[in-house]
Amino acid sequence: MAPALPQERRGIVANVVFPTGIDRRDDLGSPDRFDVYYGMADDRIGVARLDLPDVVPAKGVADPPEAKV
């Protein structure tokens, strides 16, 4: 996981981003790629890329609750 950018950390509510949309990139010929758009720092919009792996583990891929950032 990439470290938070400074513009993601400062705002009325610190250290919070607000996911607002997801776009499956079939137009690029990449059905396993998703662009996730999010609001940050009260006045900016960011985008993050999510590439799905070929195989997703049966138990999922989420971090356990004790693995806080």
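What share of the contacts in the protein chain with a separation of 6 or more comes from residues 24 or more positions apart? In this predicted model, the share is 15%. The protein chain holds one helix and three strands. Read from the N terminus, the order of elements is α-β-β-β. Of its 69 residues, 13% count as buried. The accessible surface amounts to about 5900 Å². Carbon and sulfur atoms contribute 57% of that surface.

The helix was examined at Pro-6. This residue lies in helix H1, which spans residues 6–9. Pro-6 is partly exposed, with a relative accessibility of 43%. That value falls between the cut-offs of 20% for buried and 50% for exposed, so the intermediate class applies. Met-40 is 34 residues away from Pro-6 along the chain. The C-alpha atoms of Pro-6 and Met-40 are 10.0 Å apart.

Beyond the helix, a nonpolar patch appears on the surface. Ile-12, Val-13 and Phe-18 make up this patch, which covers about 340 Å². Ile-12 sits in the loop between H1 and S1. Its relative accessibility is 77%, so Ile-12 counts as exposed.

Strand S1 was then considered through Gly-21. Gly-21 has its place in this strand. At 29% relative accessibility, Gly-21 is partly exposed. Setting aside neighbours within four places in sequence, Gly-21 is in contact with Asp-35, Val-36 and Tyr-37. For one of these partners, Tyr-37, the C-alpha separation from Gly-21 is 5.1 Å. Gly-21 and Tyr-37 are 16 residues apart along the chain. Asp-35, another contact of Gly-21, belongs to strand S2, which covers residues 33–40.

Charged side chains were analysed next. The count of salt bridges comes to six. Several of them involve Arg-25. This residue is in the loop between strand S1 (17–24) and S2. Arg-25 is buried, because its relative accessibility of 14% is under the 20% cut-off.

Three carboxylate partners of Arg-25 are described here, Asp-23, Asp-27 and Asp-35. With Asp-23, the closest N and O atoms are 3.7 Å apart. This distance is within the 4 Å limit, so the pair qualifies as a salt bridge. Asp-23 is partly exposed, at 32% relative accessibility. With Asp-27, the closest N and O atoms of the salt bridge are 2.8 Å apart. Asp-27 counts as exposed, because its relative accessibility of 59% is over 50%.

The side chains of Asp-35 and Arg-25 also meet in a salt bridge, with an N to O distance of 2.7 Å. This pair links distant parts of the chain, its members being 10 residues apart. Asp-35 is buried, with a relative accessible area of 5%. Both Arg-25 and Asp-35 are therefore buried. Asp-27, in contrast, is exposed.

Which residues do salt bridges with shared partners join into one network? The members are Asp-23, Arg-25, Asp-27, Arg-33 and Asp-35. Within this network, burial varies from residue to residue. Asp-35 is buried at 5%, and Arg-25 is buried at 14%. Asp-23 is partly exposed at 32%, whereas Asp-27 is exposed at 59%.

Terms used:
Residues are numbered from 1 along each chain as its sequence is written. This is a predicted model: local features need pLDDT of at least 70, side-chain atom pairs count only at pLDDT 80 or more; totals for chains, interfaces and linings use all residues. Side-chain values use heavy atoms; hydrogens and water are left out. Buried means under 20% relative accessible area, exposed over 50%, partly exposed in between (1.4 Å probe, protein chains only). Helices (H or I, at least four residues) and strands (E, at least two) are DSSP runs, numbered from the N terminus. Patches are made of residues with over 30% relative accessible area and no salt bridge: like charges are joined within 9 Å, nonpolar side chains (Val, Leu, Ile, Met, Phe, Trp, Tyr) within 5 Å. Accessible areas come from the Shrake-Rupley method with a 1.4 Å probe; for residues, only the protein chains shown count as cover. Contact means heavy atoms within 4.5 Å.
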